[in-house]
Amino acid sequence: MIDFIKKMPKAELHLHIEGSLEPLMMFELAKKNNVKLPYKNLEEVKNAYEFTNLQSFLDIYYAGANVLITKEDFFDLTWAYIIKCKEDNIIHTEIFFDPQTHTSRKIEFKTVILGIKEALDKAYTEFGITSNIIMCFLRHLTQEDALKTLNQSLEFKDLIIGVGLDSSELGNPPSKFKEVFKKAKKEGFKIVAHAGEEADVSYIYEAIDILEVQRIDHGVQSINSKELMDLLKESQMPLTVCPFSNIELKVFKDMSEHNIKLMLDYGINVTVNSDDPSYFKGYLNDNFISLYKNLDLNKEDIIKLAKNSISSSFISDELKNNYLEKINKFILE
Ligand code: HPA
Ligand code: ZN
């Protein structure tokens, strides 16, 4: 079964590229770019990656991102993740990036997006891996700042499929960003948002009703409302669930208590994702394998989760059918 999981063709729909920065690359880039890190060695980094909640992670995650300066740095970061995609049989990936984390440090928007894009183009030419880029607004900042970022992005509209919402959830509900998402939608961007990772179901309702999202990122708190569970089931609204993230950020005590299998069995359109794999100690296949071991997932569950990842992506129907066929062929091998 583990071999089956590893080789299964799959898509990843919730991956923060800044969260794939491995400690070794962090040290190398810090040295090259003359950026001071709060760690003396890799051991200290490992010790620092012990989180109590989302905010305790974000503080460390933003500090790590400071080492990213040049277009080549963003290329190297993204390329390292693509190598992991290849290893995990990820055939399509939708990558988040946080422009404000970089523009606030005077790194130009174009430096970031062009570095990421170059690596994704290479992923396609070398491995046939397809991808989309989603730009996330930092919800701890103002809507005005998000609007400024949206305006900056318009020059690169062809490279960005959608907009999302991430960072500190509690106290920053989706409704805070109503206007910027309205504008993004008008510009033709797809809409997603982190909701119900730590905050209650009202944030998920707001993401659906006010931001008009096409996917919910995380959404694990849905389990607290039967009404919402029924709505998600009926609408087949995708949830991009990130099991390792939920354990590391103490949303669940341990993997055996994770609710993804309950939601899957209920008929909700859940997918498995790695979120910030360098910080949460595992890439996509590690997440799948841990779910398999702790929640007794069966072969049908694995197939369904992989198919959900393809059908919930922002690729054309034609490519979806092609990829779903790939999965069907793999199952029969
Ligand atoms: N939640 C919110 N913001 C984030 C996350 C997350 O899981 N990862 C990176 N930024
Ligand atoms: Zn996330």
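Buried means under 20% relative accessible area, exposed over 50%, and partly exposed in between, with a 1.4 Å probe and protein chains only. The model is predicted, so local features need pLDDT of at least 70 and side-chain atom pairs count only at pLDDT 80 or more, while totals for chains, interfaces and linings use all residues. Residues are numbered from 1 along each chain as its sequence is written, chains are lettered from A and ligands numbered from 1 in the order in which they are written, and side-chain values use heavy atoms, with hydrogens and water left out.

**Exercise 1. Find the residues other than glycine with positive phi in two loops, and classify their exposure.**

Step 1. Helices (H or I, at least four residues) and strands (E, at least two) are DSSP runs, numbered from the N terminus. Lysine 250 sits in the loop between α12 (243-248) and α13 (260-266). Its phi is positive, near 65°.

Step 2. With a relative accessible area of 48%, lysine 250 is partly exposed.

Step 3. Glutamine 236 belongs to the loop between α11 (226-235) and β7 (239-241), and its phi is about 55°. At a relative accessible area of 34%, glutamine 236 is partly exposed.

Step 4. For background, most residues other than glycine have a negative phi.

**Exercise 2. Describe the site of the zinc ion (ligand 2).**

Step 1. List the donors, which are N, O and S atoms within 2.8 Å of the metal (3.2 Å for Na, K and Ca); water is not among the atoms, so sites may look incomplete. His14 (NE2), His16 (NE2), His194 (NE2) and Asp275 (OD) coordinate the ion at 2.0 to 2.3 Å.

Step 2. Assign the geometry. Four donors are tetrahedral if all angles lie between 85 and 135 degrees; four are square planar and six octahedral if opposite donors are over 155 degrees apart and all others between 65 and 115; anything else is irregular. The angles among the four donor atoms run from 83 to 176°, and the site is irregular.

Step 3. Read the spacing in sequence: H-x1-H-x177-H-x80-D. Histidine 14 is in strand β1 (residues 10-16) and histidine 194 in strand β5 (residues 190-195), so the pair ties together parts that are 180 residues apart in sequence.

Step 4. Check burial. Histidine 14 is buried at 0% relative accessibility, and histidine 194 is buried at 4%.

**Exercise 3. Identify the polar contacts of ligand 1 and its cover.**

Step 1. Take residues with a heavy atom within 4 Å of the molecule as near it. Among them are His16, His194, His218, Ser167 and Asp275.

Step 2. Apply the polar contact rule: a pair of N or O atoms within 3.5 Å; within protein, one must be able to donate a hydrogen and the other to accept it, and residues adjacent in sequence count only if both atoms are side-chain atoms. A backbone N or O atom of serine 167 is 2.8 Å from a nitrogen atom of ligand 1. Polar side-chain atoms of histidine 218, at 3.1 Å, and of aspartate 275, at 2.8 Å, each lie by an oxygen atom of ligand 1.

Step 3. Accessible areas come from the Shrake-Rupley method with a 1.4 Å probe; for residues, only the protein chains shown count as cover. Ligand 1 has 260 Å² of accessible area on its own, and the protein covers 100% of it.

**Exercise 4. Test the length of helix α14.**

Step 1. The expected span is 1.5 Å times one less than the number of residues. For the twelve residues of α14 (residues 284-295) this gives 16 Å, in agreement with end C-alpha atoms that are 16 Å apart.

Step 2. The buried residues of α14 include Leu284, Phe288 and Leu295. After α14 comes aspartate 296, with a positive phi near 55°.
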